[in-house]
Amino acid sequence: MRTHAQAVVIGGGLIGCSILYHLAKHGWSDVVLLERDELTSGSTWHAAANIHGLHDSTNISRLQHYTMALYKELETETGQGCGIFQPGSLYLAQTEAREHQLRLQEAKARRYKMNFYEVARDEAERLHPLVDFDGIRCIMYEPEGGNVDPSGVTAAYAAGARQRGAEIHRFTPVIATEAQADGSWIVRTPTGEIRTQWVVNAAGLWGREVAAMAGLQLPLIPTEHQYFVTETIPEIAAMGRRLPSVADRDGEYYLRQEGLGLLIGAYERNMKFWAEDGTPLDFGHELFPDDLDRIEDNMMRAIARVPAVGKAGVKRVINGPMIWSPDSAVLFGPVPELQNYFCCNGIIPGFSQSGGMGKLAAEWMIEGEPSLDMFAWDMARFGHWAGKAFTKARVQDQYSHRFKIHFPNEERAAGRPVRTRPAYEMQKQMGAVFGLNFGWEHPLWFAAEGEPREETNGFTRQNWWGPVGREARMLREHAGIIDVSNFAKYEVKGPGAEAWLNSLFANRMPAEIGRSCLTPLIGKRGGIAGDFTVTKLGQDEFMVFGSGMAERFHQRFFKAVPLPEGTSFRSRTEEMGGFNVAGPKSRELLQRLTNADLSTDAFPFMRSKRITVGGVDVVALRVSFTGDLGWELYCPVADQVALYGALLKAGSEVGAGPVGSRALMSLRVEKGYGSWSREYSPEYWPQEVKFDRLVKMDKGAFLNRDAYAAIAEKPARDQLIMLSIAAKDADATGGEPIFLPDGTPIGQVSSGAYGYFVEQSLALGYVKAGSAKAGDKVSVAILGRPHDAVLLSEPPFDPEGKRLRA
């Protein structure tokens, strides 16, 4: 066994072998995989191993298509069979909502030239004559859908890795991982130790135990999962071809051919946890006792759809463990608090995603950043607040509603509340309907007396559409008070504060006390890794404001620039609350509560001051994400209720009141303001989002300056645009493809909302540079159906910024 390696992968299942293969494929041949038992032990060997390309997330769809294509390449490259069967997959919609989902996926497939399209009932009956299609509204077909052999795929990854020089050691458990001062690790086994630059935790069912060796707690918990295989079905035996799989997600089961019978699996409501306190170290290729009674309801729906199932005997039952994260997506990426420790844990649709995960993991470790923005997978989306109780509640919800549609803007209640601030109870009594942001409860909108306090969910406009419009119009016509406590807040102090911030961010930091600036954070590939507001409060004191949900994500960047001696950096997010008071009467509202001069001359746009508002000392910034006249006020969290009460009382005197984040989305889209993880992401360059003006190349070195320099003079590949859409009962939400009138795909929506003040359905999005210009007509696939739209030359609200700077 080697004593030194560029990376040590812990775990010899499907994902560990894929990461090893891709590390070697990307040029790291000095890599080692350690497996405590035999390859495929744990969850890999008993998986149903279905493969499909389409996902609600465009980037995940792209990775799944990469994975499906890779399996054939692996067979050719290694000579190891992957047991690939691709008879296609039929996707059935029993409900209007499922039809909307499938039609939107079909539109995305057209944009990316993926093979997924609608078929008529007679064609579906020809493809799968055993299915009863009564009651089905819409049928989509994916010709490349199917399944693979779990052991074959894992062996092929392993063979490909070995051919490129990687080592694999079976029956070699890891007993310790020890961080070294230089950022490297020592990985200890009973047969020796390896010093490595990177540790990769791909330990599957034992991901929690391996993480604990490094002092890390991962929000994961295993469950039991069952599927069964029928005896030979005569109609299949006589068919002479393989039948496509059936995705009847409204029926809450999956079904495909296995041998001359059918394989049926289910995610039952009466789910069962396993090994909550830790996976037994001696577990390997064992299964649990059969418990088909638990999935009886699902089985009966499968029998109703495919009557042949009910006539066939059960040949075998597989009841094995799976390990889940709170949102059923992988925990992926480098651990922000540790150096060179990479996680890839909690994978559910592993055989559809294994290649994509391996590819992105290799890019991240070798090149410093993945080629696609995968924040939806980034382990940094969860923080310390995602404890065992939260994880268990969320996993129970995810498992038992595995095939439930994840609607746009949907907020699920399981495990909440987990983080609240003092104003939470007050807001609750005021009718607030809450959402979740990095664990924090924050108001989405406020129900009036007699209005429901629970949201409906769907792709069309829901029960919150009216109340949100009421709030948005109130703010534009009078004023509104928005709780922005979930924004990330950081304090930088000391003689090196300004120099450190200039070394971190791309813009030039404010040199004058009271001035603020907007600045991008540049990623390893020159893209937008973050957008921040920085204000100078004192001679050696700054505050930085950014995306709350990205706080842990951004730690990786903050830690990449060493702090000067005597300078401190700390998060103030938990200890400070904040409110945005905005609208044409916001100055009048605030002036009732403070002696500070809020006139334009005394307190201009993009300035900050320490003032007292309603008897509470605050940091006040003349900025507003609404695009309207406004201030953001930040105070100690202990003063949040007092400040909120004072603002609401003064607000009632000028026609103002509380406003939630749903209205804020509408207001910022009216103004054309982008948002991190929607418009701004590492995939997009500054010149593509009009941020190049904020990158000061003449100021000296800053983080990833060379990466930006390499792309700074390149023409934009895509351009950020704004659309007005002829939509009547549904608005764009993000991800909808944009087409030219002749059907040519040119881009996709990044954010969408109804602009209540300007009375238009609006969207921000990206189109290929040069493909369309202001005034051009295009089509947006809302609900998967074409909706006429036109590119706007400027935002419909206050395009000159007169109200913003009033």
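Glu99 is found in helix 3, which covers residues 96-111, and in this predicted model the residue makes a convenient starting point. Glu99 is buried, with a relative accessible area of 11%. Leaving aside its neighbours within four places in sequence, Glu99 is in contact with Ala93, Arg137, Cys138 and Arg785.

A second helix can be followed in the same way. Helix 5 runs over residues 150-163, and its 14 residues reach 20 Å from the first C-alpha to the last, which is close to the 20 Å expected at 1.5 Å a residue. Among the residues of helix 5 that are buried are Pro150, Gly152, Val153, Tyr157 and Ala161, and the elements that cover the buried residues of this helix include helix 1 (14-25), helix 2 (58-78), strand 8 (167-169) and helix 10 (350-367). Just after helix 5 comes Gly165, which takes a positive phi of about 100 degrees.

From the helices we can turn to the strands, beginning with strand 14, which spans residues 253-258 and is mostly covered, since five of its six residues are buried. Strand 14 pairs with strand 13 (residues 245-248) in the antiparallel sense over three bridges, and it is joined to strand 15 (residues 261-266) by five bridges, again antiparallel. Leu255 of strand 14 shows both pairings, for it is the bridge partner of Val246 and also stands opposite Ile264 in strand 15. The hairpin of strand 13 and strand 14 has four residues between the strands, and Glu252 in its turn has a positive phi of about 60 degrees. In the hairpin of strand 14 and strand 15 there are two residues between the strands, and here Gly259 takes a positive phi near 60 degrees.

Another hairpin is made by strand 17 (residues 331-334) and strand 18 (residues 341-345), which run antiparallel and are joined by four bridges. Leu331 stands opposite Asn345 in strand 18. Six residues lie between the strands of this hairpin, and Asn340 takes a positive phi near 60 degrees.

Further along the chain, five strands form an open sheet in the order 23-24-25-22-26, with antiparallel pairing. Strand 23 (516-522) and strand 26 (568-571) stand at the edges and have a single partner strand each, so one side of each is left without a neighbour in the sheet. Neighbouring strands of this sheet are turned by 25 degrees against each other on average, direction ignored. For strand 26, the pairing is with strand 22 (residues 488-493), in the antiparallel sense over four bridges, and within it Val492 has Phe569 of strand 26 as its bridge partner. Helix 15 (residues 551-558) lies across strand 22, strand 23, strand 24 (528-538) and strand 26, and it runs at about 80 degrees to strand 24. When looking at any such sheet, it helps to remember that in a regular strand the side chains alternate between the two faces of the sheet.

The cysteines remain to be considered. A disulfide is a covalent bond between the sulfur atoms of two cysteines. How many disulfides does the count give? With the cut-off for a pair of cysteine sulfur atoms set at within 2.5 Å, the count comes to zero disulfides. Cys17 illustrates the reasoning, because its sulfur is 12 Å from the closest cysteine sulfur, in Cys82, and this is too far for a bond. Cys17 is buried, with a relative accessible area of 0%, and Cys635 also counts as buried, at 0% relative accessibility.

How values were computed: Residues numbered from 1 in each chain as written. Predicted model: local features only at pLDDT ≥ 70, side-chain atom pairs only at ≥ 80, totals over all residues. Heavy atoms only, no water. Buried < 20%, exposed > 50% of the residue type's maximum accessible area, 1.4 Å probe, protein only. Pairing = 2+ DSSP bridges. Contact = heavy atoms within 4.5 Å. Axes fitted to C-alpha atoms, helices over the stretch in contact; angles between N-to-C directions. Expected span 1.5 Å × (residues − 1).
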